[in-house]
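Colleague: Thanks for sitting down with me over this one. Could you walk me through the fold and then the ligand site?

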Amino acid sequence: MNIGIIGAGNIGATLTRRLSALGHTVFIANSRGPASLGDLAAETGATAVTVREAARRGDVVIVTIPESKIPGLPKELFDGVGADAVVVDTGNYYPRQRDGKIAAIENGLPESRWVETQLGRPVLKAFNTINWRNLLSDGKPAGTPGRIALPVAGDDAAAKAKLIQLIDELGFDGVDAGGLDESWRQQPATPVYGANLDADGARRALAAASPLRRPEWFATPDGPATTNRPA
Ligand SMILES: NC(=O)c1ccc[n+]([C@@H]2O[C@H](COP(=O)([O-])OP(=O)(O)OC[C@H]3O[C@@H](n4cnc5c(N)ncnc54)[C@H](OP(=O)(O)O)[C@@H]3O)[C@@H](O)[C@H]2O)c1
């Protein structure tokens with residue numbers, strides 16, 4: 001499969017490594033341009049491209065950049081990209097640590113609905129619940145007890161099925177987490193977030209989530225600061 005990845009940080013580089021090793025053709029992009037991705041390309045066999053090329057070359061396009069950087073992506077990023085391309089958002093909103101205030105999210109819009117409006121393209125929310133180290137190292141064959149589950153939320157059943165298949169190849173159980181309006185159930189601070197649960201546990205955790213954003217997940221006038229010392 002051709003896979004475009006926009007963002008070459010913790011998650012983008014990890015997915016480049018894992019998906020290239022599985023035999024997929026990966027097109028990887030960051031904000032600084034292809035020349036800055038020579039080492040990752042040489043290591044993995046992925047092709048370093050521009051952001052626009054990554055969007056156009058992927059059957060699956062994974063957008064994996066900080067939430068606050070999403071509005072800086074080119075406005076016509078997905079112009080000319082076929083409707084069958086699956087677009088995946090891995091993002092999490094960290095207002096005090098990294099992103100600053102995004103009013104629409106703080107007013108209750110699920111994070112990935114906001115990303116979708118910014119991109120002008122339907123998205124699936126996935127990979128946001130797992131730390132990159134676990135994504136790199138903890139994939140297991142299907143049927144292994146305790147295999148980590150990754151929730152996948154979105155409104156397109158065919159797109160979800162395609163992504164869940166890819167997640168299975170990576171060594172994780174893709175769990176259908178409902179439509180994108182339900183995707184708050186897997187946002188930061190929910191029971192499934194970062195918990196590395198198996199499929200049954202993930203389903204229980206998704207069902208037990210509260211739609212109320214905790215106070216510490218709202219921006220402050222002082223932020224954003226850093227991960228270790230939030231505003
Ligand atoms: N870290 C994790 O374990 C983890 C787990 C699950 C989900 N997430 C979420 O996934 C997203 C990415 O996280 P990360 O930890 O991988 O981030 P990261 O390590 O900080 O990397 C960010 C990447 O985004 C690129 N970028 C920034 N602005 C861009 C733009 N306008 N166009 C193209 N590329 C751009 C950066 O490129 P340059 O270096 O060239 O600027 C960099 O490659 C975040 O929303 C995060 O909350 C992270």
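Modeller: Happy to, and please keep in mind that this is a predicted model. The open sheet has six strands with parallel pairing, in the order β3-β2-β1-β4-β5-β6.

Colleague: Which are the edge strands?

Modeller: An edge strand here pairs on one side only. That description fits the strand at 47–48 and the strand at 124–125. The edge strands are therefore β3 and β6.

Colleague: Over how many bridges do β1 and β4 pair?

Modeller: Strand β1 covers residues 2–6, and strand β4 covers residues 60–63. Within this pair, glycine 4 stands opposite valine 61 of β4. The two strands run in the parallel sense, and the number of bridges is four.

Colleague: Now the ligand: which pocket does the space it takes form, and how many residues surround the ligand?

Modeller: The space taken by the ligand is the largest pocket. Ala8, Ile11, Ser31, Arg32 and Trp132 are the closest residues of the shell. By class, that shell has nine nonpolar, eleven polar and three charged residues. The number surrounding the ligand is 23.

Colleague: How much of the ligand's exposed area does the protein bury?

Modeller: Let's begin with the polar contacts to ligand oxygen atoms. A backbone N or O atom of glycine 9 lies 3.2 Å from one, a polar side-chain atom of threonine 90 lies 3.0 Å from one, and a side-chain N or O atom of arginine 32 is 2.7 Å from one. Taken alone, the ligand exposes 910 Å², and the share of that buried by the protein is 81%.

Note on methods:
Residues are numbered from 1 along each chain as its sequence is written. This is a predicted model: local features need pLDDT of at least 70, side-chain atom pairs count only at pLDDT 80 or more; totals for chains, interfaces and linings use all residues. Side-chain values use heavy atoms; hydrogens and water are left out. A residue is near a molecule or strand if one of its heavy atoms lies within 4 Å of it. A polar contact is a pair of N or O atoms within 3.5 Å; within protein, one must be able to donate a hydrogen and the other to accept it, and residues adjacent in sequence count only if both atoms are side-chain atoms. Accessible areas come from the Shrake-Rupley method with a 1.4 Å probe; for residues, only the protein chains shown count as cover. On a 1 Å grid over the protein atoms alone, a cavity is a set of points where a 1.4 Å probe fits but cannot get out, and a pocket is an open set with protein on both sides within 12 Å along at least five of seven lines; lining residues have an atom within 4 Å of a point. A molecule sits in a cavity or pocket if more than half of its atoms lie within 2 Å of its grid points. Ala, Val, Leu, Ile, Met, Phe, Trp, Tyr, Cys and Pro count as nonpolar, Asp, Glu, Lys and Arg as charged, and the others, Gly among them, as polar.
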